[in-house]
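Reader: Before accepting the labels attached to a structure, I should like to see the reasoning behind them. Please set each value against its criterion.

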Amino acid sequence: MKTFDDIEVRRPELARSYLELLKAQPGRPIALFAPRRVGKTYFLDLDLAPAARAAGFTPVYADVWLHRAAPLGAINHALEEALDDATVPSSAVGKAAKTPVKKVGAVGAGIEFGEEPKRRALPNEPALRLDTLVARLAAAGRRPVLLMLDEAQALAESADGAGVMASLRAVLQKRKREVLAVFTGSSPDALAAMMAASGGPMYQFAQLLDFPVLGDDYLNLLAQHYSRVHKGKRLDLAALQAAFAHLGYKPALMKDLVKELSAEGSTDVEATLRRMARDTNNVRGWQALLAPLSLFDRHLLVLLAQRKPPIGQNTLKELARTEGKVPTVAKVRAALERLKRAGILSGAGGDYLIEDPLLVDYLLANGADRPP
Ligand SMILES: Nc1ncnc2c1ncn2[C@@H]1O[C@H](COP(=O)(O)OP(=O)(O)OP(=O)(O)O)[C@@H](O)[C@H]1O
Ligand SMILES: [Mg+2]
């Protein structure tokens with residue numbers, strides 16, 4: 001291992017346990033949820049996909065969010081790519097071998113190939129296309145498909161969310177021998193709401209699981225590398241654990257912290273963490289994020305950073321200080337929605353979370369005044 005950036009934790013057992021769970025309940029997907037930036041996509045890509053391949057599946061990854069307006073289109077696109085990989089031989093030789101020879105020239109010199117073998121065109125209607133693609137891909141690879149739908153909460157956000165989810169559910173149930181599915185979502189509440197909407201198409205369909213964050217393995221690797229760089233110095237595991245919790249278990253932020261410690265040759269985790277929250281580059285980013293917000297929205301954010309319930313009586317009273325009068329609940333709800341759309345907050349149902357833990361520190365230190 002050469003640098004901090006090469007440090008990674010692999011979780012093959014976790015991947016295998018999910019595959020076992022899926023195999024034990026054909027037709028029923030699992031939905032993994034966890035906050036932003038804790039490593040969901042990384043896990044799908046580097047742990048689950050290889051484990052699935054080893055277990056005899058064809059893994060197919062689709063980021064639903066990339067194509068929010070037409071999520072089935074995003075899924076179909078990913079399946080079509082996989083089907084191409086499975087059926088269109090990549091080398092010229094492979095291509096020649098699959099194409100029947102029409103005519104061999106008299107002296108054997110001119111070989112002409114016939115038409116490429118063609119199948120019936122795929123249906124255009126997205127749900128039928130999904131059904132056909134799953135069947136063809138499973139048949140082409142002679143193995144079932146593991147469909148990994150990242151940012152699956154976006155399914156519910158499309159114009160015809162309920163219709164899309166109903167189609168997906170129907171295909172996953174009908175094709176249960178040919179396809180298993182894993183959903184992941186960044187916005188835990190949105191994914192949970194989608195899966196649990198009583199009477200909705202996904203209700204009691206997928207099995208909801210909390211995706212585990214990285215643990216001491218990751219911290220130990222960081223600390224070991226630190227000690228390799230700084231002979232005779234050690235980082236305290238308990239201090240690293242506390243910092244990791246403070247940073248919302250986001251590995252990239254944790255790595256930045258240890259890199260910072262290493263650059264300074266310091267072992268004082270807490271002091272460096274405090275300094276990171278004051279780091280000018282971070283601060284500039286937060287100022288840019290906060291500057292366009294109204295004083296009311298910024299004040300609300302500060303109260304959320306203080307872990308006050310957003311619609312509580314005391315919160316409303318405090319907000320009256322910027323408003324001059326107690327704001328209506330509707331006004332607070334509208335502000336919460338705005339902050340969610342801006343990507344600053346996640347959550348629903350009274351439980352809102354500021355995504356960036358260092359921004360929380362900044363808000364607690366600086367209050368609601370317009371940033372300079
Ligand atoms: N197992 C791991 N080992 C080392 N670093 C990791 C690991 N998992 C994630 N990371 C780091 O955390 C970063 C964020 O991971 P990832 O993009 O997978 O998170 P995510 O949960 O999918 O985030 P989002 O909600 O934004 O989609 C990665 O770029 C990587 O640097
Ligand atoms: Mg992701």
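Reader: Why is Glu270 called exposed?

Author: In this predicted model, Glu270 has a relative accessibility of 57%. The label requires a value over 50%, so Glu270 counts as exposed.

Reader: What makes the contact between Glu270 and Arg274 a salt bridge?

Author: The N to O distance between the two side chains is 3.6 Å. The criterion is a Lys or Arg nitrogen within 4 Å of an Asp or Glu carboxyl oxygen, and therefore the pair qualifies. Glu270 and Arg274 are four residues apart in helix H12, about one helical turn.

Reader: How do you know that Lys23 and Glu20 meet in a salt bridge, and why are Lys23 and Glu20 called partly exposed?

Author: Their N to O distance is 3.5 Å, which satisfies the requirement of within 4 Å. Lys23 has a relative accessible area of 41% and Glu20 one of 48%. Buried means under 20% and exposed over 50%, with partly exposed in between; hence Lys23 is partly exposed, and Glu20 is likewise partly exposed. The two residues are three apart in helix H1 (residues 12-24).

Reader: What makes Glu264 and Arg275 a salt bridge, and which parts does the pair tie together?

Author: The side chains meet at 2.3 Å, N to O, and the cut-off is within 4 Å. Glu264 belongs to helix H11 (residues 251-264) and Arg275 to helix H12 (residues 269-278), so the pair ties together parts 11 residues apart in sequence. Glu264, at 34%, is partly exposed, and Arg275, at 35%, is also partly exposed.

Definitions and conventions: Residues are numbered from 1 along each chain as its sequence is written. Chains are lettered from A and ligands numbered from 1 in the order in which they are written. This is a predicted model: local features need pLDDT of at least 70, side-chain atom pairs count only at pLDDT 80 or more; totals for chains, interfaces and linings use all residues. Side-chain values use heavy atoms; hydrogens and water are left out. Buried means under 20% relative accessible area, exposed over 50%, partly exposed in between (1.4 Å probe, protein chains only).
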